[in-house]
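I opened the notebook to look up how the parts of this structure meet. The entries follow the order in which I looked.

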2 protein chains.
Amino acid sequence: MRRKHQMDHDEDALAIKLQAFQPLGEDEKARLEDLQRHRMQFAAGSEVVYQGQTNRGAYILRKGWACSYKRLRDGSRQIIDIHLPGDFLGVRSLLLRTSDQSFITLTDVEVSKVTVEAMWDVFRAAPKLAVSLLWAASRDEAMVVEHLVSVGRRGALERTAHFLLELGARLHLIGCGTGDNYPCPISQAVLADALGMTTIHLNRVLRQLREIKLVVFREGTVTFPDVHRAAEFTGFDLRYLDHGTRP
Amino acid sequence: MRRKHQMDHDEDALAIKLQAFQPLGEDEKARLEDLQRHRMQFAAGSEVVYQGQTNRGAYILRKGWACSYKRLRDGSRQIIDIHLPGDFLGVRSLLLRTSDQSFITLTDVEVSKVTVEAMWDVFRAAPKLAVSLLWAASRDEAMVVEHLVSVGRRGALERTAHFLLELGARLHLIGCGTGDNYPCPISQAVLADALGMTTIHLNRVLRQLREIKLVVFREGTVTFPDVHRAAEFTGFDLRYLDHGTRP
DNA sequence: CGAAGCGTTGAGTATAATCAATTCTGGTGG
DNA sequence: CCACCAGAATTGATTATACTCAACGCTTCG
């Protein structure tokens, strides 16, 4: 028997993630592999989908980091979510007429392009896999909701630490980083846009978090000197991430 | 030929909403009616689903208003969305193990309880209707995203007016209120929790909006003296609501 | 070397929260 | 009819939080 979090299909983060919901049979794994047949590469800083684009089509992020955001008239932007390997990009634009948000890569990435038709095929021929994909979509939505709660009701310190804890938990699920340390290749400007604050303010918040030894964000690495204290401090619950296999 | 926004199945808001996406045949309408067979009533202020509940099962809101929210440790809460007739409540809890949010009614309401099984039946037997439901779910998600953008990056005045414009547009779609005037049976406390501010601050913001004649929120009614100016002021786009029938 | 991007710091300002009251409103019961 | 109450809306004064503007240090890269 293979150990958990070890690779089944050569580091397929999506397969690992989906199996946190329910195990997949060989047939489903093959189908999942097939769904990701059409590979593409993008350099860091590429626009993958832009707000208002009418092309239908989604991507599965296989390697690297990306983010989704919306721009406002005054030029500012709000980052909706940071996307990690195994995440879908732009599923919603499969059904809405235009994409309601933009996607940009944060590192060099590898993605698979997925068409609407391929998705319907999965729904018809592999309903169990389809349910897993819907589960993943529900989980993503729950993350956006938690993000909204953070921005609306948590103070800057709490909010920042909470966000970094969530990232850590998500990475852990797909087998990257330990619980209390992970590589985080994003600039303070990106993090600030995700958290709804100024870069300058975020910088001060990060310094404070470092001073009180809750979180250290430095040189592309996030470290929690004491994860439990950090979780306690921010009220991090993680039930909304719905980890662990269903009974 | 029936006029748009007129009732087909005795004021079924969901049917009206779904037809903004694609027309439904008699068969699908009957199925939709059947899905809503199990009616229930709740008084204003009832908890319909609570955060952490493990019961699976969703509701379709038929009449009245409700809202979804999450509570934080310090007792404050963030309202995720206001729900209007034709909205689903708690679909996500069909797939996640526990509900990640709570639902409370804002007025007396009528709902229909929907089981997972009934949903799967629709997917199997009426895929076209299922697509419409997925569209509605995508649209709801797009609204949460826009909400996040508002709370993260818009100032209080802009944010408040934008939110009220969105509510107006949503109500208009299901045939309630004109574009520039609608009944809005919620307290300032609720609105403040939705917008991520204090009741006191919201009160001042509402006064300002009234003074500059952008929005009047008073005695349970919202009025826009000049909708276009309000839309211009807030940068209200409404493309994310994806109204209008698909080509 | 200069330019660009990122991170950092300081000083002053704006925005929103907190604390403390007061008014207005629609019920309720005498 | 009125006195009373609870909830909602409103106002003022003060404090905290986050933003703006301005500048500087440190790399990296051409």
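**Domains within chain A**

I took the centres of domain 1 of chain A and domain 2 of chain A over C-alpha atoms and found 24 Å between them. The model is predicted, and I read every value below with that in mind. The domain assignment of chain A puts domain 1 at 13-143 and domain 2 at 155-241.

I then looked up the contact between these domains. Domain 1 of chain A brings 20 residues to it and domain 2 of chain A brings 17 residues. The area buried between domain 1 of chain A and domain 2 of chain A is about 1,700 Å², and carbon and sulfur atoms give 67% of that. On the side of domain 1 of chain A, I noted that Trp65(A), Arg139(A) and Met143(A) lose the most area to domain 2 of chain A, together 32% of what that side buries.

Next I checked the polar side of the same contact. I count 3 salt bridges between domain 1 of chain A and domain 2 of chain A. I also looked at the salt bridge that joins the side chains of Asp87(A) and Arg170(A), at 2.8 Å from N to O. For polar contacts across the interface of domain 1 of chain A and domain 2 of chain A, I have 8 residue pairs, both residues at pLDDT 80 or more.

Which elements of domain 1 of chain A give two or more residues to the side that touches domain 2 of chain A? I wrote down helix 1 (13-18), strand 5 (77-83) and helix 4 (127-153) of chain A. Strand 5 of chain A has the largest share of that side, with 6 residues. Sorted by class, the side of domain 1 of chain A that touches domain 2 of chain A holds 12 nonpolar, 3 polar and 5 charged residues.

**Chain A against chain B**

I laid chain A on chain B: a turn of 180° with a shift of 0.0 Å along the axis does it, at an RMSD of 0.0 Å. The two copies are therefore related as by a two-fold rotation axis. I looked for the C-alpha of chain A nearest the axis, and it belongs to Leu148(A), 2.6 Å away. Both copies use the same surface, as 100% of the contact residues of chain A recur in chain B.

I counted 51 residues of chain A in contact with 51 residues of chain B. Between chain A and chain B the buried area is about 4,400 Å², with 60% from carbon and sulfur atoms. Leu148(A) comes up again here: with Arg97(A) and Arg153(A) it supplies 18% of the area that chain A buries against chain B, more than any other three residues.

How many salt bridges are there between chain A and chain B? I have 10. I looked at the salt bridge of Arg73(A) with Glu232(B), whose closest N and O atoms are 3.5 Å apart. The residue pairs in polar contact between chain A and chain B number 18, both residues at pLDDT 80 or more.

For the side of chain A that touches chain B, I listed the elements giving two or more residues: strand 5, helix 4, helix 6 (188-195) and helix 8 (227-234) of chain A. Helix 4 of chain A gives the most to that side, with 16 residues. By class, I entered 21 nonpolar, 13 polar and 17 charged residues for the side of chain A that touches chain B.

Terms used: Residues are numbered from 1 along each chain as its sequence is written. Chains are lettered from A and ligands numbered from 1 in the order in which they are written. This is a predicted model: local features need pLDDT of at least 70, side-chain atom pairs count only at pLDDT 80 or more; totals for chains, interfaces and linings use all residues. Side-chain values use heavy atoms; hydrogens and water are left out. Copies are superposed by least squares on the C-alpha atoms of residues with pLDDT of at least 70 in both. Contact means heavy atoms within 4.5 Å. Domain bounds come from an automatic or database domain assignment. Buried area is the accessible area (1.4 Å probe) that two parts lose on being put together, summed over both. A salt bridge is a side-chain nitrogen of Lys or Arg within 4 Å of a carboxyl oxygen of Asp or Glu. A polar contact is a pair of N or O atoms within 3.5 Å; within protein, one must be able to donate a hydrogen and the other to accept it, and residues adjacent in sequence count only if both atoms are side-chain atoms. Helices (H or I, at least four residues) and strands (E, at least two) are DSSP runs, numbered from the N terminus. Ala, Val, Leu, Ile, Met, Phe, Trp, Tyr, Cys and Pro count as nonpolar, Asp, Glu, Lys and Arg as charged, and the others, Gly among them, as polar.
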